[in-house]
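User: I should like to learn how to read the overall form of a chain and the pairing of its strands. Could you take me through the example below?

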Amino acid sequence: MRRMLRVGAVAAVVALAVTACGFGGGGGGGGGGGAGATQLSLLVPSYSDGTKQRWQGIIDGFQKANPGITVALEVESWDNINDVVRTKVQSKQAPDILNIDAWSGYARDNLLYPASQVSSPATLADFQDSFVHNASLNGTPQALPLIASTRALFYNTDLFAKAGIAGPPKTWDELLTDAQKISALGGGVYGYGMPLGSEEAQAETSIWTFGAGGSWGDGSTLTINTPQNLDGLRGIKRMIDGKATEPDPGATDRTPLINVFIQGKLGMIEALPPTVGQIAQKNPALKWAIAPIPTKDGTAVTLGVADHLMAFRNGGDKAAAITKFVDYYFSSAVYVPWVKAEGFLPTTKSGAQALSSEPQLATFLAGLPTARFYPSTNEKWSVTQGALQSLVGQIGQGKDPAAVLAQVQQQVGTG
């Protein structure tokens, strides 16, 4: 999985910290301990300037409550952490606990404790079921979902009013009609932002294929050229052919297109929690709202992404000590302030409940149970993602969706 959750503040109004789309700054740290204490090493990426301080605060509280366990903290930038982990694993010095995005390779090599061995049943049961499934290999949870991001429909309420639209669309038919009305306003305004450029075409495409009941498969089998996925691509083409999107979606990347929405020139776009903070920073006068993603028949679905916490099987049995740390960290009183301060969504049910009163987070939190994921544990997913990024944009140039999907399947093969 790519570092998609390197996000910034969810919103100034909810006092979240600012950082983009994979979770982001660097540093290091350490911890002491007396003789005979169990020593744990914790390696994490820097999501913001406050990451190191926040983790150290958690460690201090944990060590005070558990005097027989010490935790040594190491913080690395996202630019360096993958190389650092690779070097540590190769030299048999893997951290006891690691926070990163991808985990499946370590699990396949039997380097990790299964999640059930390093967390209590109550902690494991508190995670959103969809996120636990995404962190499982052959039906066994291997990693603990740490932080989450989902997508939602951002819409410009001023443009909706000018176009005579009463509320956000729930189905693709409504989306097309509403987007066409907004595009008809003219003045460089377009109804729906369709980012099919190389930056993140796989995300926009997945929103549409998932919205048609499709799937890219799982850790063992990829499902590319299916009727449901074809429905999704045809939905994309209908929007483009109907003049409901910006010109040339195949050459448009997500990041600059979100800026177009923030500037007030787009009626709707599927975006992430950090977009809330970006609006507050760049154009606080924008009139906007958030709604669930429209789907073919209105059934709720969203694209989810998560970073994870995992525990390595190092020499000696540290499972009991790791379990105590994991249970402490994911307790609502500790976890919720951390995840809120770092600007992410919680992966736990109790965390979602604790933040349910935050108005800017409500739609994102409501989507957590219905989140669908890339089959990132499948070794061929990276090839699939690359094929989607390079080929789906051709739909905007007139290529038949069936031919595009067949070409993606051809590049991926079977698996």
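**Reading charge, form and strand pairing**

Analyst: Let us begin with charge. The chain, shown here as a predicted model, carries 31 positive and 33 negative side chains. The centres of these two sets lie 1 Å apart.

User: How is the radius of gyration of the chain to be read against that of a compact globule?

Analyst: The value is set against what the number of residues would lead one to expect of a compact globule. For 415 residues that expectation is near 22 Å, and the chain has 22 Å, so the two agree. Along the principal axes, the C-alpha trace spans about 75 × 50 × 35 Å.

User: What share of the residues counts as buried, and how much area does the chain expose?

Analyst: A residue counts as buried when its relative accessible area is under 20%. On that basis, 56% of the 415 residues are buried. The chain exposes about 15900 Å², and carbon and sulfur atoms supply 50% of that area.

User: How many helices and strands does the chain have?

Analyst: The secondary structure comprises 17 helices and 13 strands.

User: In what order do the strands of the open sheet of four strands run, and which are its edge strands?

Analyst: The order is S8-S9-S7-S10, and the pairing is mixed. Strand S8 (190-192) and strand S10 (288-291) are the edge strands, since each pairs on one side only. From one strand to the next, the twist averages 25 degrees.

User: In which sense do S8 and strand S9 pair?

Analyst: S8 pairs with strand S9 (residues 266-271) in the parallel sense, over two bridges. At the level of residues, Tyr-192 has Met-268 in S9 as its bridge partner.

User: Is strand S6 mostly covered or exposed, and with which strands does S6 pair in the antiparallel sense?

Analyst: Strand S6 (residues 144-150) is mostly covered, with seven of its seven residues buried. S6 pairs with strand S11 (residues 302-311) in the antiparallel sense over six bridges. S6 also pairs with strand S12 (residues 345-346), again in the antiparallel sense, over two bridges.

User: Which residues stand opposite Ser-149 and Ala-148?

Analyst: The bridge partner of Ser-149 is Val-305 in S11, while Ala-148 stands opposite Leu-345 in S12. These residue pairs let the reader locate the pairing of S6 with S11 and with S12 in the model.

Notes. Residues are numbered from 1 along each chain as its sequence is written. This is a predicted model: local features need pLDDT of at least 70, side-chain atom pairs count only at pLDDT 80 or more; totals for chains, interfaces and linings use all residues. Side-chain values use heavy atoms; hydrogens and water are left out. The radius of gyration is taken over C-alpha atoms; the globule rule is 2.2 Å times the number of residues to the power 0.38. Buried means under 20% relative accessible area, exposed over 50%, partly exposed in between (1.4 Å probe, protein chains only). Accessible areas come from the Shrake-Rupley method with a 1.4 Å probe; for residues, only the protein chains shown count as cover. Lys and Arg count as positive and Asp and Glu as negative; His and the chain ends are not counted. The place of a charge is taken as NZ of Lys, CZ of Arg, CG of Asp or CD of Glu. Two strands pair if DSSP finds at least two bridges between them. Axes are lines fitted to C-alpha atoms, for helices over the stretch in contact, and angles run from 0 to 180 degrees between N-to-C directions.
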